[in-house]
Amino acid sequence: MKPIKSKAQIDYMKAKTKFEERSKVLEARVAEEQKTQEVEQELMEQLVLETGFHDAFNELAEAENELISWSHATIKHDKTYKDNKKPIDEMYEKLNSDPQMRARIIQLALRIR
């Protein structure tokens, strides 16, 4: 039986997949352009917009934030949270200043059932 995922988890996984796809398209376009010219900032900005990478990045960031918010609200109902409230809350406080902590919280949030 397949595990049930929340809307926040599903939306994050979709946004991540889209971001990865757009990233590959952008990389291919940059490689293509490099064959004929140097890719400078203006051209790179144009390619980022044309390939949809910019929108995919923004959607991923929004989905990450929703997932983190959902996970923090959901975990508060768990016995583990009640026993470890302070360290868990400290983890969530660090998520905007520590990219590794943010990534760790996202990975943990994807495991919540």
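The paragraphs below lead through a predicted model of a protein chain, from its overall form to its helix contacts and then to a few single residues.

It helps to begin with the chain as a whole. The secondary structure comes to six helices and zero strands, and a reader who follows the sequence from its start meets the pattern α-α-α-α-α-α. The radius of gyration of the chain is 18 Å, well over the 13 Å that the globule rule gives for 113 residues, so the chain is more spread out than a compact globule. The box that the C-alpha atoms fill, when it is taken along the principal axes, has sides of roughly 60 × 35 × 15 Å. Of the 113 residues, 32% count as buried. As for how the chain meets itself, consider the contacts with a separation of 6 or more along the sequence: residues 24 or more positions apart account for 64% of them.

From the whole chain we can turn to the packing of particular helices, beginning with helix α3, which covers residues 53-75, and helix α6, which covers residues 99-109. The axes of these two helices come within 9 Å and cross at roughly 65 degrees. Angles from 65 to 115 degrees count as roughly perpendicular, and α3 and α6 are therefore described as roughly perpendicular to each other. Their crossing is left-handed. On the side of α3, the contact is made by Ala 61, Glu 64, Asn 65, Leu 67, Ile 68, Trp 70 and Ser 71, while α6 contributes Arg 102, Ile 105, Ile 106 and Ala 109. Sorted by class, this contact has seven nonpolar, two polar and two charged residues.

Helix α6 also packs against helix α5, and here the axes are 8 Å apart and the angle is about 120 degrees. With an angle of that kind, α5 and α6 are therefore oblique to each other, and their crossing is left-handed. The residues that make this contact are Met 91, Tyr 92 and Lys 94 from α5, together with Met 101, Ile 105 and Leu 108 from α6. By class, the contact of α5 with α6 has five nonpolar residues, no polar residues and one charged residue. Ile 105 of α6 is listed in the contact with α3 and is listed again in the contact with α5.

Single residues can now be placed within this picture, and helix α5, which spans residues 85-94, holds Pro 87. With a relative accessible area of 44%, Pro 87 is partly exposed. The C-alpha atom of Pro 87 is separated by 21 Å from that of Glu 64, a residue 23 positions away along the chain. Asp 89 is also found in helix α5, but Asp 89 counts as buried, because its relative accessibility is 15% and the cut-off for being buried is under 20%. When residues up to four places away in sequence are not counted, Asp 89 touches His 72 and Tyr 81.

Lys 82 belongs to helix α4, which covers residues 79-83. Its relative accessible area is 57%, so Lys 82 is exposed, given that a residue counts as exposed when this value is over 50%. Lys 82 nevertheless has neighbours, for it touches Lys 76 and His 77, again leaving out residues up to four places away in sequence.

Notes
Residues numbered from 1 in each chain as written. Predicted model: local features only at pLDDT ≥ 70, side-chain atom pairs only at ≥ 80, totals over all residues. Heavy atoms only, no water. Axes fitted to C-alpha atoms, helices over the stretch in contact; angles between N-to-C directions. Helix = DSSP H or I, 4+ residues; strand = E, 2+ residues; numbered from the N terminus. Parallel < 35°, antiparallel > 145°, perpendicular 65-115°, else oblique. Left-handed = near helix turned anticlockwise from the far one by under 90°. Contact = heavy atoms within 4.5 Å. Nonpolar A, V, L, I, M, F, W, Y, C, P; charged D, E, K, R; others polar. Rg over C-alpha atoms; globule rule 2.2 N^0.38 Å. Buried < 20%, exposed > 50% of the residue type's maximum accessible area, 1.4 Å probe, protein only.
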